[in-house]
Amino acid sequence: MERTIEEPSTYESIADAVKGCEPGGNVCCLSEATFSLAKVVLVKEKISNITIQLLDGDGYAIRQVTSKKRSAQQQEHLNDRQIAVIKALEKVLMHCKKEGVQLIGYSDELVALPASIPEENISSASALDINTYDSYRGADAILDIDTD
């Protein structure tokens, strides 16, 4: 089901149009201002599974957003919180490099060594096991599939 919001629009008229849509429906906006306000309506009214589209003069959708509940989002891609954690990890890794620490993956283990250790001494007694809290798996563990 598709609805078009007539101009000029108000918060109430947009909310009525969005609330009147069936799940999976589209609400079309003809101006940037209406499109922006419709996105606010989706968030404030906590409406999910509705797509808001901004149409150009020829009726083509040039921008769109679809509201979804956090639990309903597919896990094919990292969410915003997961990306923030990755960015924090990257900062930690940058500090490791600045402080002369190298991280080496051994099968299912991750260890830290001073960067000054030559490659031939990588299995040094000075290696420190890193507690990865089961968030790190070496490629060997992923590729080692039982074929029994």
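Let's start with the sheet: 4 strands line up in the order 1-2-3-4 to make an open sheet with mixed pairing. At its edges sit strand 1 (2–4) and strand 4, each of which pairs on one side only. Ignoring direction, neighbouring strands here are turned by 25° against each other on average. Keep in mind that this is a predicted model.

Strands 1 and 2 run in the parallel sense where they pair, over 3 bridges. If you want a spot to look at, find Glu2, which stands opposite Asn26 in strand 2. As for what holds such an arrangement together, strands of a sheet pair through backbone hydrogen bonds, either parallel or antiparallel.

Now add a helix to the picture. Helix 2 lies across strand 2, strand 3 and strand 4, and its direction is at about 10° to that of strand 4.

How sure is the predictor about all this? The mean pLDDT of the protein chain is 82, and 86% of its residues reach 70 or more. Confidence is highest in strand 2 (residues 26–29), with a mean of 92, and lowest in helix 4 (residues 139–143), where the mean is 62.

Next come the side chains. The count comes to 3 salt bridges, and here they are:

| Salt bridge | Closest N to O distance |
|---|---|
| Glu45 and Lys19 | 3.1 Å |
| Arg63 and Glu32 | 2.5 Å |
| Glu90 and Lys87 | 4.0 Å |

Take the Glu45 pair, with its N and O atoms 3.1 Å apart. This pair links distant parts of the chain, 26 residues apart: Glu45 is in the loop between helix 2 (32–44) and strand 3 (51–55), while Lys19 belongs to helix 1 (residues 11–19). Glu45 is partly exposed, at a relative accessible area of 29%, whereas Lys19 is exposed, at 52%.

Then there's Arg63, which forms a salt bridge with Glu32. Again distant parts of the chain are linked: Arg63 is in strand 4 (residues 61–66) and Glu32 in helix 2, 31 residues apart. Arg63 counts as partly exposed at 36% relative accessibility, and Glu32 is partly exposed too, with 40%.

Where do Glu90 and Lys87 lie? Both are in helix 3 (residues 80–98), 3 residues apart, which is about one turn of the helix. Glu90 has a relative accessible area of 43%, so it is partly exposed. Lys87 is partly exposed as well, at 48%.

Conventions. Residues numbered from 1 in each chain as written. Predicted model: local features only at pLDDT ≥ 70, side-chain atom pairs only at ≥ 80, totals over all residues. Heavy atoms only, no water. Salt bridge = Lys/Arg side-chain N within 4 Å of Asp/Glu carboxyl O. Helix = DSSP H or I, 4+ residues; strand = E, 2+ residues; numbered from the N terminus. Buried < 20%, exposed > 50% of the residue type's maximum accessible area, 1.4 Å probe, protein only. pLDDT = per-residue confidence, 0-100. Pairing = 2+ DSSP bridges. Axes fitted to C-alpha atoms, helices over the stretch in contact; angles between N-to-C directions. Contact = heavy atoms within 4.5 Å.
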